[in-house]
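User: Please take a close look at one helix in this model. I want to know what it packs against and what surrounds it.

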Amino acid sequence: FGEQFGLLMVENTLAMVAACKALALAPRPAGNGVGVVTHTAGPSIVFLDEVTMGGGVFPAFAPETMEKIKGILGENPPVVLKNPLDAAGQGMQAATFGRLLEAVAQDPGVNLLAAIFCQHRHWRCPTPEILAVRERYGKPVVALYIAALDEVRPERDILQGRGVPVYLTPEEASWGATALIHYALRRGEGE
């Protein structure tokens, strides 16, 4: 019934809450192209699978984006340079993570950014960098901070206060991103 009217259909109340958070906080993307920056592959794989089923696409980065990424990580880094971009250990440094997120934000095929970061006691979360990219490029960002809520509550409050929904699991982040993509596709702005 709801689909014929373009309503977002969800499987459970957790998905509904995650979707509502994204829709309440983030602007709608101009399309369904998603760019991911992470330093840990596992959560990004779950995110990728879920968002793909919800209509998101993960376009190959443009040559200019690839050159910017190589300028940050080096010409021959020990990672595969593609979308989703797993920067491994280099991405644990917030400044490097932010530079990579900025490079991906400038890609013409990317309409929505996903910043996936696993909290670590020796490395700070890239909260200022995420905010800078969000404010500079105007594209919606979904942040996934893999951590216990108490460990990242201040970060979450800062980001969400400035229009970046923060999630603690890849499933929740994917539900939020899928909600944003759903309404981009409803407006005919996706692939």
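Analyst: In this predicted model, helix α2 covers residues 41-53, 13 residues in all. From first C-alpha to last, α2 reaches 19 Å. That is close to the 18 Å expected at 1.5 Å a residue.

Which residues of α2 are buried? They are Pro43, Ser44, Phe47 and Val51. Seen down the axis of α2, these buried residues fall within an arc of 95°, so they line one face of the helix. That face has several partners. The buried residues of α2 pack against three strands, β1 (34-38), β3 (112-118) and β4 (141-146), and against helix α7 (170-186).

Take the helix partner next. Two packed helices are described by the angle between their axes and the distance between the axes. For α2 and α7, the angle is about 35° and the axes lie 9 Å apart. Their crossing is right-handed. On the α2 side, the contact is made by Pro43, Val46, Phe47, Glu50 and Val51. On the α7 side, it is made by Pro170, Glu171, Ala173, Ser174, Trp175, Ala177, Thr178 and Ile181. By class, the contact of α2 with α7 has nine nonpolar, two polar and two charged residues.

Now the strand side. Val34 lies in strand β1. Val34 has a relative accessible area of 0%, so it counts as buried. Leaving aside neighbours within four places in sequence, Val34 is in contact with Phe47 and Val51, both of them among the buried residues of α2. Val34 also touches Ile181, one of the α7 residues in the contact with α2. Its other contacts are Val57, Phe58, Pro59, Asn83, Val110 and Leu112. Val17 is another matter. Val17 and Val34 are 17 residues apart along the chain, and their C-alpha atoms are separated by 21 Å.

What follows α2? Gly55 does, and its phi is positive, near 105°.

Two backbone details lie elsewhere in the chain. Most residues other than glycine have a negative phi, and most peptide bonds are trans. Asn83, a contact of Val34, leads into the peptide bond to Pro84, which is cis, with omega near 5°. Pro84 lies in the loop between α3 (63-73) and β2 (85-86). Ala88 sits in the loop between β2 and α4 (94-105). Its phi is positive, near 50°, in a residue other than glycine. Ala88 is partly exposed, with a relative accessible area of 27%.

How values were computed:
Residues numbered from 1 in each chain as written. Predicted model: local features only at pLDDT ≥ 70, side-chain atom pairs only at ≥ 80, totals over all residues. Heavy atoms only, no water. Helix = DSSP H or I, 4+ residues; strand = E, 2+ residues; numbered from the N terminus. Expected span 1.5 Å × (residues − 1). Buried < 20%, exposed > 50% of the residue type's maximum accessible area, 1.4 Å probe, protein only. Arc of directions from axis to C-beta. Contact = heavy atoms within 4.5 Å. Axes fitted to C-alpha atoms, helices over the stretch in contact; angles between N-to-C directions. Left-handed = near helix turned anticlockwise from the far one by under 90°. Nonpolar A, V, L, I, M, F, W, Y, C, P; charged D, E, K, R; others polar.
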